[in-house]
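Q: I'd like to practise reading a few features of a protein model with you. Could we look at one together?

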Amino acid sequence: MSTTWIMVLSCVFLAAGAAALVAAWLVGRRAGIELATAANDRHQLLERLAAGLAHELKNPLGALNLNLQLLEEELTASGALPDESADRLHVISSECRHLEEVLDNFLRYARKRTLVLEEVSINRIVEEVLTFLRPETSRVGIEVRTHFQEMLPTSTADVALLKQALMNVVLNAIDAMPDGGSLTVRTLALQGEVSVAFADTGAGVTPAARPHIFEAYFSTRKGGMGLGLAITRRILEAHGGSAVLDNPPGGGCTVTVTLPGLPRSE
Ligand SMILES: Nc1ncnc2c1ncn2[C@@H]1O[C@H](COP(=O)(O)OP(=O)(O)O)[C@@H](O)[C@H]1O
Ligand SMILES: [Mg+2]
C-alpha cells in the first residue's frame with residue numbers, strides 16, 4: 001500500500017499549499033481594505049500571486065485525483081483493498097475534489113479575462129438564465145415572474161460572463177427561499193442604462209451582514225463559498241456597470257445589476 005501513502009502525503013502537501021495560498025490572499029485582502037492605496041497595490045499583487053499558485057496547483061491535483069481513482073479500481077480488482085482502506089481512499093478523493101472546487105472558484109474570481117463583447121438583448125439573456133435554472137426554481141416551489149420592458153436598448157456584453165453574473169444572483173435567491181416563494185425579475189431602461197432587478201421573498205440580509213455581502217469569501221450560508229456576489233460585481237464592473245443589493249421595506253432582498261445601454265440607431 002506504499003503507493004497509497006505517497007498519494008496521501010501528496011494530498012496533504014497540496015492541501016497545505018492550497019490553504020496557504022488562500023490564507024495569504026485573505027491576509028492581503030484585509031490589509032488592502034484597511035490601508036488604502038499602498039496596501040491596495042499589495043492586495044492586487046497578492047491576488048495575482050495567489051492566482052498563479054492556484055493555477056499551478058490545479059493540474060497536479062487533477063492528476064492526483066485521477067490516479068487515486070485508478071489505484072482504487074486496481075486494488076479492488078485484485079481483491080487487495082480492505083473496506084477500511086477503501087473508506088480512506090474515498091475520503092482523500094472527496095477532499096481532492098473539494099480542493100479542486102475551491103481553486104476553480106478562486107480562479108473564476110481572480111482571473112483577469114479579456115471580454116469578448118457583442119451586442120446583446122438583456123431581456124433575452126435574462127430569459128435564458130431563468131430558463132436554464134427553471135428545473136431548480138420549480139423544484140423548490142419558487143414562482144418566477146418577469147416584467148420585461150419592451151424596446152429595451154441593447155448593450156455590449158460578454159455573454160458567457162454576463163450569464164454567470166446573473167446566474168449567481170438567481171442562485172442566491174434560490175438559496176434564500178428553500179421553502180419556496182417568488183422571484184420577480186424586472187428589466188428597465190433609465191438614462192442610457194439598462195437594469196435588471198431580481199426581487200425575492202426570502203429572509204433578506206441582516207444589517208450586520210449587509211456591508212460585507214460583495215466581499216470575496218463572505219458567506220452566511222452553511223457550505224457557502226462566498227464568491228458569488230464578488231464575482232457578479234467584478235463582471236458587472238468590467239462591463240462599466242454595477243451590482244447593488246437592497247433590503248426592501250416589505251421584506252426579502254432585491255439585487256439590481258446595471259449595464260450601459262447602447263444608443264438606439266434610427
Ligand atoms: N437573495 C439573497 N437573500 C439573502 N441573502 C443574500 C442573498 N444574496 C446574497 N445574500 C447574502 O450574501 C452572502 C454572499 O453571497 P455569495 O457571494 O453569493 O456567497 P454564498 O452564496 O456562497 O454565500 C450570502 O451568504 C448571504 O448572506
Ligand atoms: Mg451565492
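Q: Is Gln191 buried or exposed?
A: A good way in is to count C-beta neighbours, bearing in mind that this is a predicted model. A residue with 12 or fewer of them within 10 Å is exposed. Gln191 has 5 C-beta neighbours inside 10 Å, so it counts as exposed. You will find Gln191 in the loop between strand 4 (181-190) and strand 5 (193-200).

Q: Which residues have a positive phi although they are not glycine?
A: The general idea comes first: most residues other than glycine have a negative phi. Here, Gln191 has a positive phi of about 45°, and Tyr217 has one of about 70°. Tyr217 sits in the loop between strand 5 and helix 6 (228-238). With 17 other C-beta atoms within 10 Å, Tyr217 is partly exposed.

Q: Now to helix packing: how do the axes of helix 4 and helix 5 cross?
A: Look at the angle, then the handedness. The axes of helix 4 (residues 122-139) and helix 5 (residues 159-176) come within 10 Å and cross at roughly 40°. The two helices are therefore oblique to each other, and their crossing is right-handed.

Q: Which residues of helix 4 and helix 5 meet?
A: From helix 4, the residues include Ile125, Val129 and Leu133, and from helix 5 they include Leu162, Leu166 and Val170. By class, this contact has 11 nonpolar, 1 polar and 3 charged residues.

Q: And how many helices and strands does the protein have?
A: There are 6 helices and 7 strands, running α-α-α-β-α-β-β-α-β-β-α-β-β from the N terminus.

Key: Residues are numbered from 1 along each chain as its sequence is written. Chains are lettered from A and ligands numbered from 1 in the order in which they are written. This is a predicted model: local features need pLDDT of at least 70, side-chain atom pairs count only at pLDDT 80 or more; totals for chains, interfaces and linings use all residues. Axes are lines fitted to C-alpha atoms, for helices over the stretch in contact, and angles run from 0 to 180 degrees between N-to-C directions. Helices (H or I, at least four residues) and strands (E, at least two) are DSSP runs, numbered from the N terminus. Angles under 35 degrees count as roughly parallel, over 145 as roughly antiparallel, 65 to 115 as roughly perpendicular and the rest as oblique. A crossing is left-handed if the near helix is turned anticlockwise from the far one by less than a right angle, and right-handed if clockwise. Two residues are in contact if their C-beta atoms, placed from the backbone, lie within 7 Å. Ala, Val, Leu, Ile, Met, Phe, Trp, Tyr, Cys and Pro count as nonpolar, Asp, Glu, Lys and Arg as charged, and the others, Gly among them, as polar. A residue is buried if 20 or more other C-beta atoms lie within 10 Å of its own, exposed if 12 or fewer, and partly exposed in between; C-beta atoms are placed from the backbone.
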